[in-house]
Amino acid sequence: MNPFQKNESKETLFLPVSTEEVPPQSSNFPKKPSPKICGSNYPLSIVFIVVNEFCERFSYYGMKAVLTLYFLYYLNWSEDSSASVYHAFSSLCYFTPILGAAIADSWLGKFKTIIYLSLVYVLGHVIKSMSALPILAGQNLHIVLSMVGLSLIALGTGGIKPCVAAFGGDQFEEKHAEERTRYFSVFYLSINAGSLISTFVTPMLRGDVQCFGKDCYALAFGVPGVLMLIALVVFAMGSKLYRKPPPEGNILNQVVKCIWFAISSRFKNRSGDNPKREHWLDWAAEKYPKQLIMDVKALTGVLFLYIPLPMFWALFDQQGSRWTLQATRMNGNLGFFVLQPDQIQVLSPFLIVIFIPLFDLVIYRLVSKCGINFTSLRKMTVGMILACLGFAVAAAVEIKINEMATRQPNSQEIFLQVLNLADDEVKVTVLGDENNTLLAESIKSFQNMPHYSKLHLKTKSQNFHFQLKYHNVSVYTEHPVEEKMWYTLIIREDGESISSMMVKDEENKTTNGKTAMRFVNTLHEEVSVSLGTDASLIVAEDYGVSAYRTVQRGEYPVVHCRTKNEDFSLNLGLLDFGTAYLFVITNRTNQGPQAWKMEYIPANKMSIAWQLPQYALVTAGEVMFSVTGLEFSYSQAPSSMKSVVQAAWLLTIAFGNIIVLIVAQFSGLAQWAEFIFFSCLMLVVCLIFSIMGYYYVPLKPGDVQGSADKQTPQIQGNMINLETKKTRL
């Protein structure tokens, strides 16, 4: 296993595999050796490939890091729809490698495939960035551009996935196999570096930079697009240095045809007149060589164990969707740093870099010294259990978040609070239809109300009667309300008397990790409030109430305001995560206009650091499941079938994302219940996999590779010993 491997292990460990059953590569390359790096045996061309991979992985993971929040906040989709489209995109990214491999092996070759599909990749980023430009009016246009852009990105990233690493392996001569092995360590390091940096940087571009009055998604998508363009340019610059093998045929196509011919022949010869054959694949013997049939038999044994694997990826890939959405409802202030909700994903590559050498050099060795036969299938089973526990922890965190969150009004209920802006105490009585008292309390001038009061309705909407006692004056008023809503009754002076107005408040779910605010202007002039965005917030005069505006968490000591006759500034103080504020602009002192602050939806109290245990468990599970699973697959599959195993492994990831898509759209479960559902489902699948593994008879290396090695001795050089050799730390 590779110490630099992160979650990319699930998609790139197979990539050093070139197409099998082909003539020796040396006959396809120019006899003149490629230029070397500083007199070493490393070809200069690999520098361009490694830089290309770093920029491409930065591009992909940077864009993907902010994708869920783009759906949620920019397109205003629901959490279920955001998660569904996120996983549909992820699934497509793991279906398209089959197409890319087919194009490279059967038509264009690796170099041209990378160039052409990289152009598609860059075009996808351009269109995706355009989908985040408000100047292109119309949400439908944004959705169309977004879907077209994501489709092109999926085709680009998936199409070049099976080509880039293998093309790098092609640059080495057969006698430099050791240098080629070290090259792949550097290659995987570039993958991790691109992913780690981009997952940290692009959320900052989104949240810390304001453009068009909102979070700058256009910049967050545009910078990864620029990196992909750089990747393409750098890769093309090394064109004259590359060794470019021609297309060599696609073994996957042969396998599919062999299996289809065996099945169709078996059904055509269903009568008892034909003698039975030892294996159903033997029905392909009339058309295909015996060696190919033997290799496909060994392959089907491995693929059978792949059937339960998509469930693990269904859990693992929710880090970028459901877990990011969970982070929006948590407090990202760590004391020394403020973490954006989509930045928490950086834990995954960071922990991978720590866990792989930890497991390889410490944990596995300790288990071995205890006399425990920790086979590959047992490691994969433990990895599934860890993922199951990770989602159980995520469910516990979700339940705790719900307990600490503000309750929502139910059917035939409203939440009401009273804001007294008069200069003295007011006694408020809420009367029902039969003049029965529903609420009675005395409220001082500018008193901060600690909570909303819950009132019951007889129908979905009705009128409430209010009695307001101020000094010796009683005022009766009436206001209509609707169920499941939040209201603030604002009491104001009206000459010698008082009056009131009912304002509908922001729903708790709308803030969803953001900081929301609105203003009440008691001045006799219209006020323009500049919140550091392109568009100012206009508040009408004489107790005008502004619209809501969401801003980033932080200190706002100087907020510039303007009236027709003067400029002034307001100190809004700290605006915290997930909080909704009401600011009343007053001029009650000789110090000029000031802002009175009321927090009516409290800040997120649960720290985002509580997500660390679930990330640690799932990442540890990924180390034991993915890397070990790839090693096991290589040791059990024939040399001629390595590329087919690669395709099948990528398909398990694709189908895992489809599982999440289906559950998100049709389960209708609360989020904590959905986490429990996935955890239980993973446990059941783990038991099934354990039973399958118990009855699986592993093949010895000689049984797998013996005859194949005699036919294609050159393959050992192409495989860079990934079948049995681990890269040392």
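Contact here means heavy atoms within 4.5 Å. By that rule, 74% of the protein's contacts between residues at least 6 apart in sequence join residues at least 24 apart.

This is a predicted model, in which local features need pLDDT of at least 70, side-chain atom pairs count only at pLDDT 80 or more, and totals for chains, interfaces and linings use all residues. Residues are numbered from 1 along each chain as its sequence is written, and side-chain values use heavy atoms, with hydrogens and water left out.

**Overall make-up**

The protein has 20 helices and 21 strands. Both are DSSP runs numbered from the N terminus: helices are H or I with at least four residues, strands are E with at least two. Of its 729 residues, 56% count as buried. Buried means under 20% relative accessible area, exposed over 50%, and partly exposed in between, with a 1.4 Å probe and protein chains only. The protein exposes about 30,800 Å². Carbon and sulfur atoms supply 60% of that area. Accessible areas come from the Shrake-Rupley method with a 1.4 Å probe; for residues, only the protein chains shown count as cover.

**Two buried residues**

| Residue | Place | Relative accessibility |
|---|---|---|
| His 176 | loop between helix 6 (139-170) and helix 7 (177-207) | 9% |
| Asn 657 | helix 17 (residues 642-666) | 0% |

His 176 counts as buried. Leaving aside neighbours within four places in sequence, His 176 touches Lys 36 and Asn 41. Its C-alpha atom is separated by 8.3 Å from that of Tyr 42, 134 residues apart along the chain.

Asn 657 also counts as buried. Outside its neighbours within four places in sequence, Asn 657 is in contact with His 87, Ser 90, Ser 91 and Asp 317. With Asp 317 there is a polar contact between the side chains, at 2.9 Å. A polar contact is a pair of N or O atoms within 3.5 Å; within protein, one must be able to donate a hydrogen and the other to accept it, and residues adjacent in sequence count only if both atoms are side-chain atoms.

**An open sheet**

An open sheet is formed by 4 strands in the order 5-4-7-8, with antiparallel pairing. Strand 5 (437-443) and strand 8 (473-482) each have a single partner strand, so one side of each is left without a neighbour in the sheet. Neighbouring strands of this sheet are turned by 20° against each other on average, direction ignored. Two strands pair if DSSP finds at least two bridges between them. Strand 4 (residues 426-431) and strand 7 (residues 461-470) pair in the antiparallel sense over 6 bridges. Val 426 stands opposite Tyr 470 in strand 7.

Technical notes:
Axes fitted to C-alpha atoms, helices over the stretch in contact; angles between N-to-C directions.
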